[in-house]
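Biologist: Hello! I am new to this one and would love a friendly walk through it. Could you show it to me before we start?

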Amino acid sequence: METVKKLEQIKKEFEEEISSCRGEKELEDIRIRYLGRKGELTSVLRSLSGLSPEEKREVGKKANIFKNEFSSRIDSLKSELEEKEEEDTPGYDITLPGTAPSEGSVHPITRVMGRISDIFVSLGFRIADGPEVESEFYNFEALNIPLDHPSRDAFDTFYVEGEYLLRSHTSNVQIHIMQEEEPPLQVIMPGRVYRPDAVDATHSFMFHQVEGLMVGEDIRFSDLKGVLSLFCKSMFGKDIKMRLRPHFFPFTEPSAEVDISCIICGGKGCRVCSGNGWLEILGAGMVNPRVFEAVGYDPGKYTGFAFGMGVERIAMLLYGIDDIRLFYENDIRFLEQFR
Ligand code: PHE
């Protein structure tokens with residue numbers, strides 16, 4: 001009866017092992033250990049020859065029952081494990097490389113406006129915002145552009161309703177700021193402006209400007225020159241030269257157009273600067289006393305300067321872009337170059 005006990009012991013061990021078995025590989029090891037050619041049960045069956053016929057029958061019977069039981073336990077656990085593995089496997093190939101989400105980029109106009117703003121902020125200017133739909137008063141009258149003024153033609157723009165229009169420059173924000181605050185003021189005003197220009201490679205009915213305004217007691221033309229020259233050097237490089245050409249704006253007096261030495265040819269003359277070595281980049285001047293009067297400042301007490309620059313033009317020069325329309329077409333092939 002020794003052998004029967006041994007069989008019971010084998011069964012007990014099998015039960016323990018199978019109930020703690022978690023993987024297919026482990027299960028295969030169990031199968032080999034108990035049912036394989038050199039396995040535990042097989043060796044009991046092999047040793048039957050040395051037993052009495054009675055024992056042989058009993059042990060043989062039990063061993064065969066166990067053998068069937070073991071193999072059906074193993075089979076059912078095997079299909080259970082396979083099913084579980086299928087559930088855990090995603091319906092796609094996890095070893096394939098993933099699809100990376102495409103990375104966005106900052107629009108070149110936003111980027112250049114950011115650079116311009118950073119330079120002025122570092123000089124103590126703050127950034128202000130103003131309305132794009134504006135009344136004639138803020139866009140024209142308060143800026144000393146009366147109804148019958150010839151310079152109003154070039155600026156006349158899209159009327160929305162009655163006396164409201166899409167602003168033709170960011171200078172309207174100067175008026176809002178000065179109406180609301182007392183000097184000293186050091187402000188820049190970036191934003192969109194609108195003009196009834198026919199669209200071509202260098203013109204658009206909508207573009208961007210950055211306006212600047214500094215007002216206080218004893219602000220002089222030399223301050224304007226100093227600030228703009230610092231700006232030009234920070235924006236375009238320390239070797240850049242700047243020159244002021246007398247000009248006319250109704251809201252500044254005296255006024256100037258500001259040129260920089262050509263950033264392409266360094267001033268020798270090339271296609272970009274039309275051969276003359278200079279590039280016009282902004283308009284500027286000392287705030288006209290009539291503008292101070294319009295906002296209720298005492299022109300005898302305060303002086304100041306203002307300037308306005310076109311962002312598209314600066315971006316085109318900096319990046320060598322030859323068609324302004326590229327900024328507005330949302331062509332990914334163009335935009336993704338500004339990373
Ligand atoms: N508003 C002017 C323009 O749009 C630019 C400018 C601003 C000139 C401030 C002088 C002072 O052309």
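Modeller: Happy to. Strands here are DSSP runs of type E with at least two residues, numbered from the N terminus. Please keep in mind that this is a predicted model.

Biologist: Thanks! In which strand is the place of V133?

Modeller: V133 has a relative accessible area of 44%. Partly exposed covers what lies between under 20% (buried) and over 50% (exposed), so V133 is partly exposed. Together with V160 and Y164, V133 makes a nonpolar surface patch of about 270 Å². As for its place in the chain, V133 belongs to residues 133-135, which form strand β2.

Biologist: Now the ligand, please. Which polar side-chain atom lies 2.9 Å from an oxygen atom of the ligand?

Modeller: There are 15 residues around the ligand, and H169, S171, R195, Q209 and E211 come nearest. The side chain of H169 has an N or O atom 3.1 Å from a ligand nitrogen, and a polar side-chain atom of S171 is 3.0 Å from a nitrogen atom of the ligand. The contact to a ligand oxygen at 2.9 Å comes from a polar side-chain atom of Q209.

Biologist: How much of the ligand's accessible area does the protein cover?

Modeller: On its own, the ligand has 330 Å² of accessible area. Of this, the protein covers 93%.

Biologist: What separates the C-alpha atoms of I127 and V210?

Modeller: I127 lies in strand β1, residues 126-127. Leaving out residues up to four places away in sequence, I127 touches S117, V121, I188 and P190. I127 and V210 are 83 residues apart along the chain, and their C-alpha atoms are separated by 9.8 Å.

Biologist: How many salt bridges does the structure hold?

Modeller: One of them joins the side chains of E17 and R33, at 2.1 Å from N to O. That pair links helix α1 (residues 2-19) with helix α2 (residues 24-35). Counted over the structure, the salt bridges number 17.

Biologist: Let us take the pair D259 and R243. Is D259 buried or exposed?

Modeller: The side chains of D259 and R243 meet in a salt bridge of 2.9 Å, N to O. This pair links strand β8, which holds D259, to strand β7, which holds R243. R243 is partly exposed at 31%. D259 has a relative accessible area of 2%, which is under 20%, so D259 is buried.

Technical notes. Residues numbered from 1 in each chain as written. Predicted model: local features only at pLDDT ≥ 70, side-chain atom pairs only at ≥ 80, totals over all residues. Heavy atoms only, no water. Patch = residues over 30% accessible without salt bridge, like charges linked within 9 Å, V, L, I, M, F, W, Y side chains within 5 Å. Areas by Shrake-Rupley, 256 points an atom, 1.4 Å probe, with all protein chains shown as cover. Salt bridge = Lys/Arg side-chain N within 4 Å of Asp/Glu carboxyl O. Helix = DSSP H or I, 4+ residues; strand = E, 2+ residues; numbered from the N terminus. Buried < 20%, exposed > 50% of the residue type's maximum accessible area, 1.4 Å probe, protein only. Near = heavy atom within 4 Å. Polar contact = N/O pair within 3.5 Å; in protein donor to acceptor, adjacent residues only side chain to side chain. Contact = heavy atoms within 4.5 Å.
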